[in-house]
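Let's take a walk through this protein together. Have the model open and turn it as you read.

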Amino acid sequence: MDKTLIESYRQQAMNMFNIARTKNPLYNSVSEPVLKNMPEDIHENSDKNEETNGTGGTGYVIVNVTTLRSLYPVHGADVTVFTGTLESMNIIDTSKTDENGKSKIFELDVPSESYSQAPEDVVVPYGTYNILVTAEKYVPYVLMNVSVFDKVTSLQNANLLEDFAADGNTDPIINDEKQQYTL
């Protein structure tokens, strides 16, 4: 992949994030996008994935990008797999969605499946990555802390909201896979 294309895409994503951060009162004034009522460890976990990813295995992720409650595929959406935070992302790979709204199959470094047999405090038996999905005329969508397992192909769904339906709000929609929900 062309390094200048990746850097250009990273800059575009950073600019979108910075614009959203200045417009949205839900973002606090620190350098990371911490939303109110979200767990404090969301970004702490995002940084830890760089330490645990890549210890012997390979996991796979396909991103399925749709709109209107998964009714229509979004063709030509930019999909970026990264580690770190939105503000200081380490881009792993990028892709555009096909006519069916599917990205390419991302091959990602993860801990070997053998770690699932080890005590928990040795190594987490999966890797975690973040995914940014952007498309013209849609609100950016971010999946944080996506678990990726060795020798497993995961399908991640990103249901985009059209700009006009967002009533002028273009702040990224952030979905944290590790967020705790109370029932």
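Which residue forms a salt bridge with Asp93? Lys104 does, with the closest N and O atoms 2.7 Å apart. By salt bridge I mean a side-chain nitrogen of Lys or Arg within 4 Å of a carboxyl oxygen of Asp or Glu.

Before going further, a word on what you're looking at. This is a predicted model, in which local features need pLDDT of at least 70 and side-chain atom pairs count only at pLDDT 80 or more, while totals for chains, interfaces and linings use all residues. Residues are numbered from 1 along each chain as its sequence is written, and side-chain values use heavy atoms, with hydrogens and water left out.

Now for the overall layout. The protein has two helices and nine strands, where helices (H or I, at least four residues) and strands (E, at least two) are DSSP runs numbered from the N terminus. Reading from that end, the order is α-α-β-β-β-β-β-β-β-β-β. Of the 183 residues, 44% count as buried; buried is under 20% relative accessible area, exposed is over 50%, and partly exposed is in between (1.4 Å probe, protein chains only). About 10200 Å² is exposed, and carbon and sulfur atoms supply 50% of that (areas come from the Shrake-Rupley method with a 1.4 Å probe; for residues, only the protein chains shown count as cover). Take the contacts with a separation of 6 or more, a contact being heavy atoms within 4.5 Å: residues 24 or more positions apart account for 66% of them.

Next, find the open sheet of five strands, which runs β4-β3-β6-β7-β9 with mixed pairing. Two strands pair here if DSSP finds at least two bridges between them. β4 and β9 (173–176) are the edge strands; each has a single partner strand, so one side of each is left without a neighbour in the sheet. From one strand to the next, the twist averages 20°, using axes fitted as lines to C-alpha atoms (for helices over the stretch in contact) and angles from 0 to 180 degrees between N-to-C directions. At one end of the sheet, β7 and β9 pair in the parallel sense over four bridges, and Met144 stands opposite Asp176 in β9.

Back to the charges. Side chains of opposite charge can pair when their charged atoms come close. The structure holds three salt bridges. One of them is Asp78 with Lys96, at 2.6 Å from N to O. That pair links strand β3 (residues 78–83), home of Asp78, to strand β4 (residues 90–96), home of Lys96, across 18 residues. Asp78 counts as buried at 18% relative accessibility, whereas Lys96 counts as exposed at 51%.

The pair we opened with is Lys104 and Asp93. Lys104 lies in the loop between β4 and β5 (106–111) and Asp93 in strand β4, so the pair ties together parts that are eleven residues apart in sequence. Lys104 is partly exposed at 36%, and Asp93 is buried at 18%.

Glu113 and Lys151 also meet in a salt bridge, at 2.9 Å from N to O. Glu113 sits in the loop between β5 and β6 (127–134), and Lys151 in the loop between β7 (141–148) and β8 (153–160), 38 residues apart.

Those two loops share an aromatic pair as well: Tyr126 lies in the loop between β5 and β6 and Phe149 in the loop between β7 and β8, so parts 23 residues apart in sequence are tied together. The ring centres of Tyr126 and Phe149 are 5.2 Å apart and their planes stand at 50°, so the pair is tilted. Rings of Phe, Tyr and Trp (its six-membered ring) pair if their centres lie within 6.5 Å; planes under 30 degrees apart count as stacked, over 60 as edge-to-face and the rest as tilted.
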